[in-house]
Amino acid sequence: PYIIVGGMDDTEQELPVEPLWHTWDKNADKEGERCTVFWIDGHRYQGEWHSNKRHGKGTQYQKNGDKYEGNWIEDRRCGQGTFWKYEEGKYRVQYNGEWKDDQRHGFGTYYNKKGDFYRGEWKQGQRHGKGRQTYGGHPPDGFGGDIYDGEWYHNQRHGKGVLSMANGDVYQGDWAGDLKHGPGTFFYESSQKRYDGVWKEGQPVSGCYTDIKQPPGPNPNAPKLPVLELLDSRAVERAANHTAMDQL
């Protein structure tokens, strides 16, 4: 809102008027632990305050029912905390872990509605660093689905990583831009083959296919071999030198 005031030269100008609730909020001087504080947009907060800002431990409820429980620093989620989604009349954990400046930052676990989860490092709200992501499978461990375990960069698989698939196939190697890229090995479970080579944007470009060879197990009927012991290398060298000298 604005008010119109007249100047000395009969001109008019608009000056902004601060809503009364802004003034009352400033004058409240909230400090320490308080009862629930309500906002006109439907949010409410219960917890600790410092210098009129949410600071310490507290819980904030959003208008749609979602809530955050955890640490605050100067009106921002910061430190350890849990964000809950309110769906179909009940709560489920969406994220549990570290926060910084109102974003997921540090180490934490994120769950989507289907039960897939990412557990690992975060930076400014994105998967960044080392972490494990499940695709399908049974919560909470992702068993029966695909699992990626490795490095991330700005929400994409990037760096070294291993993708274990539900059908038994496994890729281990380099990633870039969420695709297999660089040196890597792909193990094919059904054909018992492996591909060792170079990948580019998710496709193999140079390498070779070989059988996946299992090391042979011990044969109980094999004859026992005598125990071998290493000789003194210097003594062997001296004896060889003497033999060579005698033959001159």
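Me: Hey, what percentage of the 248 residues in the chain is buried?
Reply: Buried residues make up 27% of them. Keep in mind that this is a predicted model.

Me: OK, and how many helices and strands does the chain have?
Reply: There are two helices and 18 strands.

Me: What about contacts? Of those between residues at least 6 apart in sequence, how many join residues at least 24 apart?
Reply: In this chain, 7% of them do.

Me: And how much surface does the chain expose?
Reply: About 17,400 Å², with carbon and sulfur atoms supplying 52% of that.

Me: Let's go inside. Which residues in the largest nonpolar core touch the most other members?
Reply: That core has 18 residues, and the ones touching the most other members are Y68, W99, Y148, Y171, W175, F186 and W199.

Me: Which elements give two or more residues to this core?
Reply: They are β5 (44–50), β7 (67–73), β9 (90–100), β11 (117–123), β13 (146–153), β15 (170–176) and β17 (193–200). As background, nonpolar side chains tend to be buried together in soluble globular proteins.

Me: I see rings all over the place. How many aromatic pairs are there?
Reply: The count comes to 23 aromatic pairs. One of them is Y148 with W152, an edge-to-face pair with 5.3 Å centre to centre and 90 degrees between the planes.

Me: Are Y148 and W152 buried or exposed?
Reply: Both Y148 and W152 are buried.

Me: And the rings of F186 and W199, how are they arranged?
Reply: Their centres are 6.1 Å apart and their planes sit at 35 degrees, so the pair is tilted. Being tilted means an angle from 30 to 60 degrees.

Me: Which parts does that pair tie together?
Reply: F186 is in strand β16 (residues 179–188) and W199 is in strand β17, so the pair links parts that are 13 residues apart in sequence.

Me: How buried are the two of them, going by relative accessible area?
Reply: F186 has a relative accessible area of 8%, so it counts as buried. W199 is buried too, at 5%.

Me: What else is F186 in contact with, leaving aside neighbours within four places in sequence?
Reply: F186 is in contact with M165, D169, V170, Y171, K193, R194, Y195 and W199.

Me: Switching topic: where is Q133?
Reply: Q133 is in strand β12, which covers residues 126–135. With a relative accessible area of 8%, Q133 falls under the 20% cut-off, so it is buried.

Me: What does the side chain of Q133 do for polar contacts?
Reply: One of its polar atoms lies 3.1 Å from the backbone oxygen of F117. The side chains of Q133 and R127 are also joined by a polar contact of 2.8 Å.

Me: Who else is in contact with Q133, outside its neighbours within four places in sequence?
Reply: The contacts of Q133 include D116, Y118, D146, I147, Y148 and W152. Those last two are the edge-to-face pair from before.

Me: Now Y61, where is that one?
Reply: Y61 lies in strand β6, residues 53–61. Y61 and R44 are 17 residues apart in sequence, but 5.3 Å apart in space, C-alpha to C-alpha. Among the residues in contact with Y61 are G42, H43, D66, K67 and Y91.

Me: Last thing: how many disulfides are there?
Reply: Zero, searching the whole structure.

Me: Are C78 and C208 buried or exposed, then?
Reply: C78 is buried, with a relative accessible area of 19%. C208 is partly exposed, at 41%.

Definitions and conventions:
Residues numbered from 1 in each chain as written. Predicted model: local features only at pLDDT ≥ 70, side-chain atom pairs only at ≥ 80, totals over all residues. Heavy atoms only, no water. Helix = DSSP H or I, 4+ residues; strand = E, 2+ residues; numbered from the N terminus. Buried < 20%, exposed > 50% of the residue type's maximum accessible area, 1.4 Å probe, protein only. Contact = heavy atoms within 4.5 Å. Areas by Shrake-Rupley, 256 points an atom, 1.4 Å probe, with all protein chains shown as cover. Disulfide = S-S within 2.5 Å. Core = buried A, V, L, I, M, F, W, Y, C linked by side-chain atoms within 4.5 Å. Polar contact = N/O pair within 3.5 Å; in protein donor to acceptor, adjacent residues only side chain to side chain. Phe/Tyr/Trp six-rings, centres within 6.5 Å; stacked < 30°, edge-to-face > 60°.
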